[in-house]
Amino acid sequence: MKILKSIAVPLLILALSSCSKYLEKAPLDSINTSNFFKTEADAVAAINGAYQPLQWPKLYNLRMWTTDIWAGNSLVGAGGGTDGIETQDIANFVTATDNAAALDIWRGPSPGILRCNLVLKNVPAIEMDETKKKRILGEAYFLRAHYYFILEQLFGDVPLITDPVSAEDNLRPSRTSRAEVIDLVINDLKQAIELLPASYTGSDIGRATKGAAAGMLAKVYLSLGNFAETLKYCQQVNGLGYRLNLDYSDNFNPSTKNSPESLFEIQYVGKTSYSFWNNENQASWVSTFTGPRNADFVAGGYGWNQPTAEFAGLYEADDNRKDKTILYVGCPSYDGKEYQASYSSTGYNVRKFLVQKSVSPDYDTNPANWPVLRYADVLLMEAEAYCELNQLEPAIEPLNKVRVRAGLQPVAVSNQDELRKTIRKERRIELAFEGSHWFDLVRYDNGQYAQQFLHGIGRSNFAPKHLLLPIPQKEIDANPNLTQNLGY
């Protein structure tokens with residue numbers, strides 16, 4: 001199959017007018033396409049633009065964290081009725097090909113992929129500091145892999161776009177097999193590991209690092225059931241100096257961003273001149289959206305993402321993560337306010353990401369980052385890989401590091417099946433509402449676990465076709481070379 005060569009340098013120029021954590025960029029009308037990709041500053045501006053789509057609502061500012069609702073940890077909640085109907089439909093497994101969330105996620109990575117391709121095409125020829133050039137190329141490889149990994153997991157086969165050239169190429173690409181897509185992801189991440197530094201200082205903190213690339217590659221191999229390679233890259237991360245925060249809440253606190261536990265976070269700065277609803281907005285939506293409705297706990301408070309009673313019942317008695325993750329009747333007060341069951345249709349709300357009004361006084365001022373990959377996740381991947389390789393003794397150590405931080409007793413070695421159940425439960429609790437549980441469900445036992453689990457919690461509409469989202473009909477109408485996923 002021919003791989004599509006993408007176009008549109010002007011789209012990159014539009015992208016570079018947006019605000020970014022890393023660089024104050026020139027306004028749109030000062031950027032000239034005839035002299036771009038000439039200087040080191042151009043290279044830095046271009047890679048900054050490649051990060052931005054991760055911040056947008058089509059990905060981590062909304063759609064990626066709502067996957068926990070699909071996965072049964074929570075309900076949409078919100079204002080009831082048709083509020084969030086696109087997420088309700090996916091979670092109830094009545095998804096149609098006109099679903100707005102599926103369309104968002106299909107389109108969300110495309111600008112980022114384009115920008116990465118432009119960097120990889122043009123930056124090598126720029127005369128600039130070679131160390132910085134290597135870093136920028138490593139960032140582009142990491143980000144392109146990240147965008148494609150999202151698409152591959154949620155849609156399967158997707159068009160593979162790798163090189164920006166001319167408008168003469170095929171502009172109506174067919175879908176590339178997910179095996180080819182995942183090969184690109186793996187190769188890009190290996191390149192990123194070679195090129196990226198282990199850490200940054202100053203205003204560059206938060207960029208992709210060697211540890212972020214190694215941790216993401218471990219996750220890719222875990223999704224493929226390649227546990228030996230998963231283990232290899234988890235151990236590479238272990239050698240880079242990451243550690244668990246003493247306080248679980250520090251992973252979500254805007255005053256402790258990019259902590260020693262963080263491998264990669266989506267960066268936000270809070271209030272900017274852009275509208276809250278614009279892509280260029282630099283405020284995180286999650287506190288505004290998940291704060292209890294009509295409770296005045298946080299600025300906004302739209303009441304989304306209400307945990308279920310089934311999820312709340314998973315916690316062991318001494319697990320200190322419960323009071324740091326969910327709000328429930330009798331829980332510790334939040335910012336001096338007592339929680340009431342009437343704030344939610346389930347009797348629970350998410351506490352984990354709430355930001356007090358003293359820090360974010362308005363609905364559009366939240367500066368908290370979004371945690372994409374944490375060291376706790378890597379430890380649990382390591383434990384799972386050892387367990388699936390039937391090496392039970394070494395699986396216990398990384399598992400217990402996570403449990404002990406939560407105030408729980410270490411677990412002892414059991415048989416493989418029991419240890420597997422313990423690790424899966426631990427992942428669900430430790431990473432709750434961070435957008436991981438859906439991706440775990442669809443990879444466990446090659447997707448067979450998902451049906452058993454979802455039917456068991458009353459999501460009886462789930463069928464194997466729902467392991468993937470439908471290809472949006474709008475995209476098929478615009479490009480008849482696209483085919484639909486089976487069953488839609």
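A polar contact is a pair of N or O atoms within 3.5 Å, where, within protein, one atom must be able to donate a hydrogen and the other to accept it, and where residues adjacent in sequence count only if both atoms are side-chain atoms. The structure examined here is a predicted model, in which local features need pLDDT of at least 70 and side-chain atom pairs count only at pLDDT 80 or more, while totals for chains, interfaces and linings use all residues. Residues are numbered from 1 along each chain as its sequence is written, and side-chain values use heavy atoms, with hydrogens and water left out.

Helices (DSSP runs of H or I, at least four residues) and strands (runs of E, at least two) are numbered from the N terminus. At the N-terminal end of helix α7, D129 acts as a cap, with a side-chain oxygen 3.2 Å from the backbone nitrogen of T131. The expected span of a helix is 1.5 Å times one less than its number of residues; for the 26 residues of α7 this gives 38 Å, and the end C-alpha atoms are 37 Å apart, which agrees. Just after α7, G156 takes a positive phi of about 80 degrees. Of the 26 residues of α7, 22 are buried, where buried means under 20% relative accessible area, exposed means over 50%, and partly exposed lies in between (1.4 Å probe, protein chains only).

A salt bridge (a side-chain nitrogen of Lys or Arg within 4 Å of a carboxyl oxygen of Asp or Glu) is also found within α7, where the side chains of E130 and K133 meet at 3.4 Å, N to O. These two residues lie 3 places apart in the helix, about one turn. An α-helix has 3.6 residues a turn, so residues three or four places apart point the same way. E130 is partly exposed, with a relative accessible area of 48%, whereas K133 is buried, at 9%.

Helix α7 also contributes to the interior of the model. A nonpolar core is a set of buried Ala, Val, Leu, Ile, Met, Phe, Trp, Tyr and Cys residues joined through side-chain atoms within 4.5 Å. The largest such core holds 143 residues, of which F142, L143, F264 and W438 touch the most other members. The largest share of this core, 14 residues, comes from α7 (residues 130-155). For W438, contacts (heavy atoms within 4.5 Å) beyond four places in sequence are made with T67, W70, A71, F93, L154, L454, F462, H466 and L467.

Two further buried residues illustrate how separate parts of the chain meet. A192, in helix α8 (residues 178-195), counts as buried because its relative accessibility is 0%. When neighbours within four places in sequence are left aside, A192 is in contact with G138, Y141, F142 and A213. The C-alpha atoms of A192 and A140 are separated by 8.0 Å, although the two residues are 52 residues apart along the chain. V372, in strand β6 (residues 370-374), has a relative accessibility of 15% and therefore also counts as buried. Its contacts, with neighbours within four places again left aside, are Y60, H146, M216, F264, E265 and I266. By contrast with these contacts, V372 and S199 are 17 Å apart in space, C-alpha to C-alpha, and 173 residues apart in sequence.

In helix α10 (residues 227-238), the 12 residues should span 16 Å, and the end C-alpha atoms are 16 Å apart, which agrees. The buried residues of α10 are F227, T230, L231, Y233, C234 and V237, and what covers them includes α8, α9 (210-223), β2 (262-266) and α14 (375-388).

Across the whole structure there are 37 salt bridges. One of them joins the side chains of E310 and R428 at 2.7 Å, N to O, and this pair links distant parts of the chain, with E310 in helix α12 (residues 309-312) and R428 in helix α16 (residues 416-430), 118 residues apart. E310 is partly exposed, at 32% relative accessibility, and R428 is buried, at 7%. Another salt bridge is formed by D440 and R427, at 2.9 Å, N to O; D440 lies in helix α17 (residues 437-443) and R427 in helix α16, so the pair ties together parts that are 13 residues apart in sequence. Both residues are buried, with relative accessible areas of 5% for D440 and 2% for R427. In addition, a network of salt bridges links E261, E316, D319, R321, K352, R374, R403, R405, E426, E430 and E434.
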